[in-house]
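Me: Here is a structure that is new to me. Please take me through it in plain words.

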Amino acid sequence: MADYRWPEAGKRSLIGKRISRLDGPVKSSGRVKYTYDVDRPNMLYGKMVLSPYAQATIKSIDTTAAEKMPGVKAVQVMREPGTEILWAGQEVVAVAAETEEQARDAARRVVVNYEKLPHLVRDVEPAKAGDRAKPAAEQTEGDPDKAFQEAEVTVEGQYGCSVITHCCLEAHGQATEWEGDNLTVWASTQNVSGIGGEFATGLKIPAGNVRTLTPVMGGGFGSKFGADTWGVACAQLAKKAGRPVKMMLERDHELMVAGARPSIHAKVRVGAQKDGTITAWSSESWGTGGMGTGGSPRLPYVFRIPNQRKRHTAVLTNIGPVRAWRAPNHPQLCLITMAALEDLAAKLGIDPVEMFLKNIGMTGELSKVYAAELQKAAELIEWQKKWHPRGDKAPGVIKRGLGISLHTWGGGGHPSNCACAIHPDGSVEVSLGSQDLGTGTRTVIAIIAAETLGLPLEAVKVNIGDSHYPQSGGSGGSTTVGGVSASTRRATTNALNELLAKMAPSLGVENDQLEAVGGRIQVKGNPSKGMSWKQACAKLGTTPINATGQTSITTPTGPSARDLISSGVGGVQMAEVAVDIETGVVKLEKLVAVQDCGLIIDLKTAESQVYGGCIMGVCYALYEEKIMDEQTGRCLNPDMEFYKLAGIADIGELVVHMMTGPGYDERGVIGLGEPPVISSGALTPDKVLAALEKGGAA
Amino acid sequence: MPKRPKSPESDHPKVKGGPEESGRKQAGLGRRDFVKLVGGTGVAVTAGVLTKEALLPAESNAQAAAGRRGIGPGPVNITLRVNGEDKDVAVEPRVTLLDVLRDRLHLTGAKKVCDRGTCGACTVIVSGKAIYSCTMLAIDAANSSADILTIEGLAPEGQLHAVSAAFVDNDAQQCGFCTPGFVMACKAYLDAQPNPTYEQVKAALGGNLCRCGTYVGVRKAVLDAAMRMKGGRS
């Protein structure tokens, strides 16, 4: 049985170092082709006709005028008369024409008649939602009634998060091209290996007939896993026209339908002893995830308060389809919980760091990690020096407050297969049907392969972004780095072992006496006895080595990958926020993020993930909201002028500290996509409140 | 809701506002001129209203335009000077410079993201000034004095311009879709302000948006690029 374990700290030449992402140069020089940039010979452009109504029945569709428009080559009805529309922006017809302008003109000539039906687009309280309110069963733990009776202090409040969108800069979409019954799809997807099956189902062709290509993609954040209605329609247009078709969503369409994060609001009551021990939680929560009910959100977050009563009601609305949004549900639950607990600390007159530490046992097995991270974060933001009870007594209109938040995420590894080829000329290829969303997946794969084979980074060619490569999971839930790290480590170890087995006899030693280090195959402890990598590979003659490696588990408790990856991280963030009490403008002055993620493969891209998560958190805390109009049922801000993202000047000082080294490294690789975005959004609203209260009300 | 503050130092195109802030007057037709030309708001633009002569100098008016040979709505032959080369294309007058660059000239470095002059992903440099190419009509750029620089023109394929290299080394990109726009905005900014302070850099490039959250890297990259450009390492 091969030993796949990660090399010890002293023996790592690449793992854990700061390495620039490999696709950086082709991106920053504008040369790499994203799906949106695909340009096939004779390609047509697709545009769609969207429902203006949030809920309606399609009565009739007339495409005759559109078909006669200049440049039009195909028209595809996406939803037949008689079907129901459930959100404004839902697709009805697609057209393909020679130019984008012609396609847009033709789409305007399609005549659709609707029977308009009543809609609801606001996440109103359940009592006002009528039969659209879908209560879930009450959940209790311990004895909340008794605990609240005995509590020395209770605090009540209402907190919540609005619906936001993904707003990927590369819109959803694809280019499709047929060759007989075989379809090639250039898709902006997080799911290279899996998306083909959805196209095949929609088009009624065998899954093996679809090839998906995604060398790079411009952001997904959880919204780009499926073929989507527009993907299938694009392929249908291409089939009808007998020409390739590219159909990317326009920005308004993207913001209306291509992904929303559910809202959650909650009326919360927390009980505690005077010494700060938290004893009871109750929450009545509601929110909307479009027309789906989802499950009950797991409140309270991180802190397992012993006595709880929770009721949740889903409100069905016509806001558009919900999609997984980076760390699904965690940001909303984090905000609600942290805000309530900070209100509790304020009422108790206790420093919240002190109160969090007092109750840290309720965080379970990560409590030691959280305690260490709280201490580090407090040091980096100078908590002792800057913290003050609520109400900034400083003169002037700018009031400041500190905030604190804890988060957690699982991770683990998705199923992943990696093929490693060592060629007789010494070149190396590792191939996976995976994708790099901008997280650095390509770079991580190269680092692991090069480390394993004792080669420089540039000696390894990484093949990803093509469904013809071995199946690898979709990139969701921070499972990619775990999945591809384990499969790549195994494939490259297996390939190396084959090579060493072939070299051993000529060096007169057993296989396990050989190592690959610094571009050489050599005898352990006797570096002079060996040969260069190239010389060794030349001995393969004409037959390359082809080895595979697999990550076959999805949970960390599975036996097969426990030596390489695990799951379950903590993370603590603290922020200093300033509020101008005359204008209401809130500024993030400083944010400190302390994050663990097991063994770090590339420190540079790992830190970037955390910076990015923090900024995204600040975006939804201070700037973002999908605003719906109750009268028309439409989104009022489906453009980037009014759907606000933070700009560079909105972001204050960010400090990222990765918990790494002994105590962390031996846990193996754990994903980092979701964790850092969770707390950042919870750091501001309660801070604003804190600053405005008392001293703020000048 | 707070607005994104605009840095006074930022050498950014303010194309989304009126002609006063568009910086386009010298290059063609401002919005106000356009409104005058078609006789006020709410008037449909139809064939014969726009003339080629009217499109070039900003002082054109409806009277001058009347009765002249019209262009559009069909394709018009224009010549764009892009990355030092003249490119002949036939485009409808309504087509933006961005769409011509991407769909006709296959220069896809400039990205189409908001398509409404907000996000900066389509930034190119026209006659030394960073502009949002989604808010400029191609016919407005069809002016022999309009020298259009796209990211493909910064360095030959396979080589990295100092700004692009600084973005790589400082990991100022993740998905990379906003990056070419940032690189071009940075280039124009540093051409105008070769010695920025960190305080200035904190707010510079305020006309570009990133969804992955790379602003920390971008700030470092701008300072790094300034040093590289001064050091002649480009």
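Reply: First a term: a salt bridge is a side-chain nitrogen of Lys or Arg within 4 Å of a carboxyl oxygen of Asp or Glu. The model is predicted, so local features need pLDDT of at least 70 and side-chain atom pairs count only at pLDDT 80 or more, while totals for chains, interfaces and linings use all residues. Residues are numbered from 1 along each chain as its sequence is written, chains are lettered from A and ligands numbered from 1 in the order in which they are written, and side-chain values use heavy atoms, with hydrogens and water left out.

Me: Which side chains meet B:Arg104 in a salt bridge?

Reply: The partner is A:Glu101, with 3.4 Å from N to O. Across the interface of chain B and chain A, the rule finds eight salt bridges.

Me: What about polar contact, how many residue pairs between chain B and chain A?

Reply: There are 32 such pairs, with both residues at pLDDT 80 or more. A polar contact is a pair of N or O atoms within 3.5 Å; within protein, one must be able to donate a hydrogen and the other to accept it, and residues adjacent in sequence count only if both atoms are side-chain atoms.

Me: Which helix of chain B gives the most to the side that touches chain A?

Reply: Helix 9 of chain B does, with five residues. Helices 4 (97-104), 6 (162-169), 7 (179-192), 8 (198-203) and 9 (215-230) of chain B each supply at least two residues of that side. Helices (H or I, at least four residues) and strands (E, at least two) are DSSP runs, numbered from the N terminus.

Me: How many residues are in contact, and what area is buried between chain B and chain A?

Reply: 61 residues of chain A are in contact with 58 residues of chain B, where contact means heavy atoms within 4.5 Å. The buried area is about 5100 Å², and carbon and sulfur atoms give 52% of it. Buried area is the accessible area (1.4 Å probe) that two parts lose on being put together, summed over both.

Me: Back to salt bridges. How many over all chains?

Reply: The whole structure has 51. One of them joins the side chains of A:Lys358 and A:Asp275 at 3.9 Å, N to O. That pair links distant parts of the chain, 83 residues apart: A:Lys358 is in helix 9 (residues 352-358) of chain A, and A:Asp275 is in the loop between strand 16 (264-272) and strand 17 (278-287) of chain A.

Me: Buried or exposed, what is A:Lys358?

Reply: Neither; A:Lys358 counts as partly exposed at 45% relative accessibility, and A:Asp275 also counts as partly exposed, at 43%. Buried means under 20% relative accessible area, exposed over 50%, and partly exposed in between (1.4 Å probe, protein chains only).

Me: And which side chain meets B:Lys202 in a salt bridge?

Reply: The side chain of B:Glu199, at 3.2 Å, N to O. The two residues are separated by about one helical turn because they are three residues apart in helix 8 of chain B. B:Lys202 is partly exposed at 27%, whereas B:Glu199 is exposed at 55%.

Me: Which residues are linked in a network of salt bridges?

Reply: A:Lys47, A:Glu100, A:Arg104 and A:Glu250 are linked with B:Asp99, B:Lys112, B:Asp115 and B:Arg116.

Me: New topic: in what order do the four strands of the open sheet in chain A come?

Reply: The order is 19-29-30-31, with mixed pairing; two strands pair if DSSP finds at least two bridges between them. Strands 19 (398-406) and 31 (653-659) of chain A are at the edges and have a single partner strand each, so one side of each has no neighbour in the sheet. From one strand to the next, the twist averages 10°.

Me: How many bridges join strand 19 to strand 29 of chain A?

Reply: Nine, and these two strands run antiparallel, strand 29 of chain A being residues 572-580. A:Lys399 stands opposite A:Val579 in strand 29 of chain A.

Me: Which helix lies across strand 19, strand 29, strand 30 and strand 31 of chain A?

Reply: Helix 10 (residues 367-381) of chain A, running at about 140° to strand 30 (586-596) of chain A. Axes are lines fitted to C-alpha atoms, for helices over the stretch in contact, and angles run from 0 to 180 degrees between N-to-C directions.

Me: Last one: where is A:Arg442 found?

Reply: In helix 12 (residues 441-453) of chain A. A:Arg442 is buried, with a relative accessible area of 14%. Leaving aside neighbours within four places in sequence, the contacts of A:Arg442 include A:Leu22, A:Asp23 and A:Ile464.
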